[in-house]
Amino acid sequence: MNTQDQAIDTTLRAILRDVLGLDEAQVAGFDGDTGLFGHLPELDSMAVAGLLTELEDRLDIVIEDDDLDGAMLESFGGLLAFATAKSAER
Amino acid sequence: MYARWPCPTPDGGTADEMALVFGARRNARLMVIPPLFDEANRFRHQIIEIAYCLDERGIDSICPDLPGCNESLAPHSAQTLSGWRKAAAAAARHFAATHVLAIRSGCWLAPDSLPGWLYAPAKSGQILRAMLRARTLAAREAGREETAEALLEIGRKQGLGLAGWDLGAGLIAELETSEFEPHERHTVVEQADVGGKPLWLRAENDSDPAQAEALAALIALGIVR
């Protein structure tokens, strides 16, 4: 992972920690297959909306309605791949 | 204790709203303007924690309900940012507040007549964007397709229900277009100054006494100066 990808990974974990109120150790243990939407009970549509808004804010990206699909929110790996691709568009 | 205060109404009259008041007319009286919408619920407990910490430092806190918010009986759909600004200014006068603490989107309403603090001010547009997104995501879960742009189109004309809040057309327009710049009398406090995790983001309500202590200490220091 290069430095920029590492920074996105760190930011993403911090957002999940802040939005879901998870502790440091749990979030540090997330891997690409860790389930998000549909797996974490706290992650309802309002929480997803908050998460995406924070993502936009902290990574300085814009997320359009069309960008949202099931895969990106299904797992930590999916969300990380999405955030990395979006950041590359900047 | 709970108090009532006369809140200005759009027709030029007043209607009673509630306020939670800590302390009894000490020299320093801080009015707290909570965040709007969902973040108000998520941050309510923390505001009480902050008020207790200020009380121990000899500072009164006044937490007025803005019309349409919290216990208010006024319809939420009839409210606007400009109306809430007037309400906040009226509450400040009524309770003889000496300082203001505004939180997140509440910062947009802070009266310039008082010195004070803006805690993690929300960016203009950000709150509406998150609410629109919550609605489109919920629709998608329910198997309907809605877009933020189409919803806004409707909202600008006739208002819109977003994430459980009835927003009038006027409020939608204000949320969409208004710009926010902190006034020079107000000091911006970022989350890093308080430490810990931002509580208004929390999907489940929570409070943090350490954060309340840190913010109260910062405010007490500022009032003494």
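Helices (H or I, at least four residues) and strands (E, at least two) are taken here as DSSP runs, numbered from the N terminus. The model to which the exercises refer is predicted.

**Exercise 1. The loop residue Ala163(B)**

Determine where Ala163(B) lies and whether Ala163(B) counts as buried, partly exposed or exposed.

Solution. Step 1: locate the residue. Ala163(B) belongs to the loop that runs between strand 7 and strand 8 of chain B. Step 2: apply the cut-offs. A residue is buried with 20 or more other C-beta atoms within 10 Å of its own and exposed with 12 or fewer. Ala163(B) has 18 C-beta neighbours inside 10 Å and therefore counts as partly exposed. Step 3: consider the backbone. Although Ala163(B) is not a glycine, its phi is positive, at about 50°.

**Exercise 2. A second positive phi outside glycine**

Find the loop that holds Arg104(B) and decide whether this residue is buried or exposed.

Solution. Step 1: the loop in question connects strand 5 (99-103) and strand 6 (116-119) of chain B. Step 2: Arg104(B) has 24 C-beta neighbours inside 10 Å, so it counts as buried. Step 3: the phi of Arg104(B) is near 50°, which is a positive value in a residue other than glycine.

**Exercise 3. Strand 5 of chain B and its partners**

Establish how far strand 5 of chain B is enclosed, and identify the strands with which it pairs.

Solution. Step 1: count the buried residues. In strand 5 of chain B, 5 of the 5 residues are buried, so the strand is largely enclosed by the rest of the structure. Step 2: separate the two faces. In a regular strand, side chains alternate between the two faces of the sheet. One side of strand 5 of chain B carries His99(B), Leu101(B) and Ile103(B), the other Val100(B) and Ala102(B), and all of these are buried. Step 3: list the pairings. Strand 3 (residues 29-33) of chain B pairs with strand 5 of chain B in the parallel sense over 4 bridges; within this pairing, Ile33(B) has Ala102(B) as its bridge partner. Strand 6 of chain B also pairs with strand 5 of chain B in the parallel sense over 4 bridges, and there Gly116(B) is the bridge partner of Val100(B).

**Exercise 4. The nonpolar core**

Name the residues that touch the most other members of the largest nonpolar core, and describe the surroundings of Val100(B).

Solution. Step 1: recall the general tendency. Nonpolar side chains in soluble globular proteins tend to be buried together. Step 2: the largest nonpolar core has 88 residues, and Met31(B), Val100(B) and Ala102(B) touch the most other members. Step 3: when neighbours within four places in sequence are left aside, the contacts of Val100(B) include Leu30(B), Met31(B), Ile33(B) and Ala92(B). Its further contacts are Ala110(B), Pro111(B), Leu114(B) and Gly116(B).

**Exercise 5. Helix 3 of chain B**

Compare the expected span of helix 3 of chain B with the distance between its end C-alpha atoms, and state which elements its buried residues pack against.

Solution. Step 1: the helix covers residues 126-141, and at 1.5 Å a residue its 16 residues should span 22 Å. Step 2: the end C-alpha atoms are 22 Å apart, which agrees with that expectation. Step 3: the buried residues, among them Ile127(B), Leu128(B), Met131(B) and Arg133(B), pack against helix 3 of chain A and, in chain B, against helix 4 (148-158), strand 7 (160-162), strand 8 (165-167) and helix 5 (169-177). Step 4: just after the helix, Gly143(B) takes a positive phi of about 85°.

**Exercise 6. Chain A and its contact with chain B**

Describe the make-up of chain A, its overall dimensions and the side that touches chain B.

Solution. Step 1: chain A has 5 helices and 0 strands. Its radius of gyration is 12 Å, close to the 12 Å that the globule rule gives for 90 residues, so chain A is as compact as a globular protein of that length. Step 2: its C-alpha atoms fill a box of roughly 30 × 30 × 20 Å along the principal axes, and 30% of its 90 residues count as buried. Step 3: at the interface, 18 residues of chain A are in contact with 20 residues of chain B. Helix 1 (3-20) and helix 3 (45-59) of chain A each supply at least two residues of the chain A side. Helix 3 of chain A gives the largest share, 10 residues. By class, this side has 8 nonpolar, 4 polar and 6 charged residues.

How values were computed. Residues numbered from 1 in each chain as written. Chains lettered and ligands numbered in written order. Predicted model: local features only at pLDDT ≥ 70, side-chain atom pairs only at ≥ 80, totals over all residues. Core = buried A, V, L, I, M, F, W, Y, C linked by C-beta atoms within 7 Å. Contact = placed C-beta atoms within 7 Å. Nonpolar A, V, L, I, M, F, W, Y, C, P; charged D, E, K, R; others polar. Expected span 1.5 Å × (residues − 1). Rg over C-alpha atoms; globule rule 2.2 N^0.38 Å. Pairing = 2+ DSSP bridges.
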